[in-house]
Amino acid sequence: MDNTISTPLYRQLENTIRQDIDTGKFPPGSQLPTENELSDIYHVSRVTVRKALSVLSDAGYLERHSGKGTFVAEKKMQRSISQVLGFTEMCKILHTSAGAKTLKIALEDPTEKEIEQLSIQPSEQIITLERLRYSDGKPVLLELNKFPESFSFLFGVNLTDASLYEALRKYDIIFVQSRKTIDIVFATAAESKLLDIPKGHPLLRIRSVVSNSDGSVTSISQQLCIGDKFKFLV
């Protein structure tokens, strides 16, 4: 720490610890040295250490647990509710690696509500696509998409570790608008196994009706997101 510059010591320490987190010196989930140890390491007072840690905690970089210590917070996926943004694009913005595993793709009979939402004929079937999405190799959400039967070309598209939105763009299908509803549900036994979380763990359920650039509804979707892995902007 440099006492000869105008930047307060706690800000200098905050920036130093933040850089150590960003570069992986302190990886997500790891425990930071104690306040006394940080004071000795950086040659500053405990008051300075405490203030720097408080700022980093408020910014979401750290989690402080009484009686246990201070830990580096797991990185959260940040996304806007109003924006139509694919999972792969979101991961690129956050500098994480996106992955995908197709769990199911099938032709199915639609429900009455799905017929209405997709504006299809009762005699038509729909494409159901279910995928498990990964960030840096860890499962973070279950994705269920339903399309009109005209999207049957998806059966010939390799969607393993691939962006669905990018695949659709090759067919001049560009999602530009979506109506979303969000609520909290709790993981079933099957969902907990896929997402590697305890049964009953809270999930954010995002249900969307998505429109193409020509204004037509092209899909309805549901995402089950691990609640503590995401941060949403309204």
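Why is Thr-70 classed as buried or exposed? Thr-70 has a relative accessible area of 11%, so Thr-70 is buried (under 20% relative accessible area; exposed is over 50%, partly exposed in between, with a 1.4 Å probe and protein chains only).

This is a predicted model, where local features need pLDDT of at least 70, side-chain atom pairs count only at pLDDT 80 or more, and totals for chains, interfaces and linings use all residues. Residues are numbered from 1 along each chain as its sequence is written, and side-chain values use heavy atoms, without hydrogens and water.

Thr-70 sits in strand S2, residues 69-72. Strands (E, at least two residues) and helices (H or I, at least four) are DSSP runs, numbered from the N terminus. Beyond its neighbours within four places in sequence, Thr-70 has contacts (heavy atoms within 4.5 Å) that include Ser-30, Leu-53 and Arg-64.

Now the whole protein. It has seven helices and 10 strands. Of its 234 residues, 41% are buried. Take the contacts between residues at least 6 apart in sequence: 56% of these join residues at least 24 apart.

The lining of the second largest pocket draws at least two residues from each of these elements:

| Element | Residues |
|---|---|
| Helix H5 | 112-118 |
| Strand S6 | 138-148 |
| Strand S7 | 175-186 |
| Strand S8 | 202-212 |
| Strand S9 | 217-226 |

A pocket is an open set of points on a 1 Å grid over the protein atoms alone, where a 1.4 Å probe fits, with protein on both sides within 12 Å along at least five of seven lines; lining residues have an atom within 4 Å of a point.
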